[in-house]
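Reader: Please take one part of this model and look at it closely, and then set it in the context of the rest of the chain. I would like the criteria behind each term spelled out as you go.

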Amino acid sequence: MARIPRRKIHGALVGSTVSLLQSIERAVLRPLVMRLHGKIERGKLLQYNLAYEGSPGDIFVVTYPKSGTTWLQMIVYQLTSDGAMDFAHIDHVSPHLEETLMPRGRHISDLSGTPRVVKSHHHYRDIPKGPGKYIYGVRNGLDVAVSYYHHARTYFPGWKNRPLNEFFETFMKGHIPYGSWFAHVSGWLRNEDRLNVLIVHYEELSADLETGVRRIADFCGITIDPADLPRILERCSFAFMREHEQKFALEGRRPPPPAKTTPFIRQGKVGGWQQDLDPRLVGEFQKACDERLRGSGDDRFRVLSARDAWQGGPTAPVPASSSARELDAAADDAPRVPLGSAG
Ligand code: A3P
């Protein structure tokens, strides 16, 4: 029988030990480190939120990314000021809680001006809670996914040349900044702590901006001077905001990405997904909506149910099933993938 040289045996042993260690690293250590990181971040968040002294005048503009956040910030700015546009970036008038305030150790109470207006993409459980007003913007998830894909191609490393289908799968798993769209939307719609929340649909604003602006003004206790209305509507239009893109795009807050492919104020359409997404993906999305977006049971809100989440209309609220809650909790706890800024 031929003898196997010692060197070969040694080589094979080293090889299998290395691959065993790599598997342990992938399967055990990496998730552990991510979970640990998640726990530390959560601890910081809790500490930050505990220090929040809320005021009834505070206004939070909250969304899942790409749901029309900047549009809502602009509406609130136009309603609460003379609308002069004398800011370099919208972040200066309604700072991003988790990207501008928290990392610099700045608190909402440090903001000057009344009302204090803050933007956030936080999930419901993570938002500082108080007696203020919370404007939650929600948009058809399929349009959100397509918009987020273009955002990722411009701002997330490695996504420039990857296909929409791949991004969509990632979106469905919630492996992107701010995690699961389903968990985000259902948490805010359920509003279990009974915060003072106004739900604003992107589709509503798109169909009738004036009515949407008036609803927001009423909610914030603002009376619109009729002489100001034309200015407000003109400045909140897609055309005006596109013209002032640099005051809204991410690069207004930091250096531009090396190869910007798409404007931040990109298309502003309802139902644009129909040209881009194949029916199989739409079917997957709809099935997930059926399981996950079974309403809040609170009739103060229009609730997105399965089909309406992608068709845009209201339906009767349906209490969240316990399995939907469990899915949301699991998605909330999933480690966030640090890819870049979600805007
Ligand atoms: P699209 O990429 O589909 O065009 P966010 O501010 O949450 O990042 O959302 C960005 C989305 O809101 C983009 O969607 C952008 O074009 C759209 N948007 C911004 N301002 C708008 C406006 N005035 N009218 C309609 N859509 C607007």
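Author: Trp181, Phe182, Ala183, His184, Val185, Ser186, Gly187, Trp188, Leu189 and Arg190 are the buried residues of helix 6, where a residue counts as buried if 20 or more other C-beta atoms lie within 10 Å of its own, as exposed if 12 or fewer do, and as partly exposed in between, with C-beta atoms placed from the backbone. Since ten of the ten residues of helix 6 (residues 181-190) are buried, this helix is largely enclosed by the rest of the structure. Helices (H or I, at least four residues) and strands (E, at least two) are DSSP runs numbered from the N terminus. The model is a predicted one, in which local features need pLDDT of at least 70 and side-chain atom pairs count only at pLDDT 80 or more, while totals for chains, interfaces and linings use all residues. Residues are numbered from 1 along each chain as its sequence is written.

Just after helix 6, Asn191 takes a positive phi of about 45°, although Asn191 is a residue other than glycine. Asn191 belongs to the loop between helix 6 and strand 4 (196-201), and it counts as partly exposed because 18 C-beta neighbours lie inside 10 Å. Arg194, in the loop between helix 6 and strand 4, has a positive phi of about 55° and is likewise not a glycine; with 9 C-beta neighbours inside 10 Å, Arg194 counts as exposed.

Turning to the other helices, the axes of helix 4 (141-155) and helix 5 (residues 164-173) come within 10 Å and cross at roughly 115°, the axes being lines fitted to C-alpha atoms over the stretch in contact, with angles running from 0 to 180 degrees between N-to-C directions. That makes helix 4 roughly perpendicular to helix 5, since angles from 65 to 115 degrees count as roughly perpendicular, those under 35 as roughly parallel, those over 145 as roughly antiparallel and the rest as oblique. In this pair, Ala145, Tyr148, Tyr149 and Ala152 of helix 4 meet Leu164, Phe167, Phe168 and Phe171 of helix 5, two residues being in contact if their C-beta atoms, placed from the backbone, lie within 7 Å. By class, this contact has eight nonpolar, no polar and no charged residues, where Ala, Val, Leu, Ile, Met, Phe, Trp, Tyr, Cys and Pro count as nonpolar, Asp, Glu, Lys and Arg as charged, and the others, Gly among them, as polar.

Helix 4 also takes part in the surroundings of the ligand. There are 21 residues around the ligand, and the closest are Thr69, Thr70, Ser147, Arg266 and Gly268; a residue is near a molecule if its C-beta atom, placed from the backbone, lies within 6 Å of it. Helix 2 (69-80), helix 4 and helix 10 (238-243) are the elements that give two or more residues to this shell, whose residues divide into six nonpolar, twelve polar and three charged.

Elsewhere, Val118 in strand 2 (residues 117-120) is buried, with 23 other C-beta atoms within 10 Å. Val118 and Ser94 are 24 residues apart in sequence, yet their C-alpha atoms are 4.8 Å apart in space. In the loop between helix 3 (97-101) and strand 2 lies Pro115, and the peptide bond from Thr114 to Pro115 is cis, with omega near -10°. The chain as a whole has 14 helices and four strands, and 35% of its 343 residues count as buried.
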